[in-house]
Amino acid sequence: MNRRQRDAMGWTQAELDVADVMIWLRGNHGRELSHADIAAGVGIPNGHRLRRAVRLVRVIAANRGDRLERFMPSTDPAPRRVSVTRCMRHGHGDEFSAATPCPPHER
């Protein structure tokens with residue numbers, strides 16, 4: 001199914017990818033995750049489809065008050081030169097994240 005074709009339920013592949021990534025990231029709250037980790041966990045090839053889904057999930061998370069960080073070098077010394085992100089749910093963050101609600105005008 002290409003990204004414009006719809007399945008039996010009326011969803012496009014792009015919509016299904018976004019939903020799968022959102023659900024999987026919710027279960028991995030606070031962990032450092034690379035594109036390869038997300039691809040393996042969701043079952044989407046590590047490429048354009050995955051990166052498009054992650055970009056859309058970042059926007060959706062921000063609208064919900066959650067936070068999906070930008071990909072940055074890992075703080076763990078073991079995986080060298082690996083870019084990772086963290087998903088932080090609203091109210092369950094660390095000192096840099098979504099622990100405090102955003103004012104309504106910033107959502």
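**Figure 1. Gly65 lies in the loop between H3 and E1.** Helices (H) and strands (E) are numbered from the N terminus and are DSSP runs (H or I of at least four residues for helices, E of at least two for strands). The model shown is predicted, so that local features need pLDDT of at least 70 and side-chain atom pairs count only at pLDDT 80 or more, while totals for chains, interfaces and linings use all residues. Residues are numbered from 1 along each chain as its sequence is written, and side-chain values use heavy atoms, with hydrogens and water left out. Gly65 comes just after H3 and takes a positive phi of about 95°. Its relative accessible area is 6%, and Gly65 is therefore buried (buried is under 20% relative accessible area, exposed over 50%, and partly exposed in between, with a 1.4 Å probe and protein chains only). Along the chain, Gly65 and Met88 are 23 residues apart, and their C-alpha atoms are separated by 9.4 Å.

**Figure 2. The whole protein chain has three helices and four strands.** From the beginning of the sequence to its end, these elements follow the pattern α-α-α-β-β-β-β. The chain has 107 residues, of which 32% count as buried. Among contacts (heavy atoms within 4.5 Å) with a separation of 6 or more, 43% join residues 24 or more positions apart.

**Figure 3. Helix H3 runs over residues 48–64.** The 17 residues of H3 should span 24 Å at 1.5 Å a residue, and the C-alpha atoms at its ends are 24 Å apart, which agrees (the expected span is 1.5 Å times one less than the number of residues). Seven names make up its buried side chains' list: Leu50, Arg52, Ala53, Val54, Val57, Arg58 and Ala61 are the buried residues of H3. These buried residues pack against helix H1 (13–26), helix H2 (35–42) and strand E1 (67–68).

**Figure 4. Helices H1 and H2 cross at roughly 105°.** Their axes come within 10 Å (axes are lines fitted to C-alpha atoms, for helices over the stretch in contact, with angles from 0 to 180 degrees between N-to-C directions). This angle makes H1 roughly perpendicular to H2 (under 35 degrees counts as roughly parallel, over 145 as roughly antiparallel, 65 to 115 as roughly perpendicular, and the rest as oblique). H1 contributes Asp20, Val21, Trp24 and Leu25 to the contact, and H2 contributes Asp37, Ile38, Gly41 and Val42. Five of the contact residues are nonpolar, one is polar and two are charged (Ala, Val, Leu, Ile, Met, Phe, Trp, Tyr, Cys and Pro count as nonpolar, Asp, Glu, Lys and Arg as charged, and the others, Gly among them, as polar).

**Figure 5. Helices H2 and H3 cross at roughly 100°.** The axes of this pair come within 11 Å. H2 is thus roughly perpendicular to H3. His35, Ile38 and Ala39 of H2 meet Leu50, Arg51 and Val54 of H3. The residues of this contact comprise four nonpolar, one polar and one charged.

**Figure 6. The largest nonpolar core has 14 residues.** Such a core is a set of buried Ala, Val, Leu, Ile, Met, Phe, Trp, Tyr and Cys residues joined through side-chain atoms within 4.5 Å. The members that touch the most other members are Val21, Leu25, Ile38, Leu50, Val54, Val57 and Leu68. H1, H2 and H3 are the elements that give two or more residues to this core, and H3 supplies the largest share, four residues. Not counting residues up to four places away in sequence, Leu68 touches Leu25, Val54, Val57, Arg58, Ala61, Thr85, Arg86 and Cys87.

**Figure 7. Asp17 is found in helix H1.** With a relative accessible area of 1%, Asp17 is buried. Its contacts, leaving aside neighbours within four places in sequence, are Ile44, Arg49, Arg52 and Ala53. Of these, Arg52 and Ala53 are also among the buried residues of H3.

**Figure 8. Ser34 and Ala36 occupy the loop between H1 and H2 and helix H2, respectively.** Ser34 counts as buried because its relative accessibility is 10%. Apart from residues up to four places away in sequence, Ser34 touches Phe71, Val82, Ser83 and Val84. Ala36, by contrast, is partly exposed, with a relative accessible area of 44%. Ala36 and Leu50 are 14 residues apart in sequence, and the distance between their C-alpha atoms is 9.6 Å.
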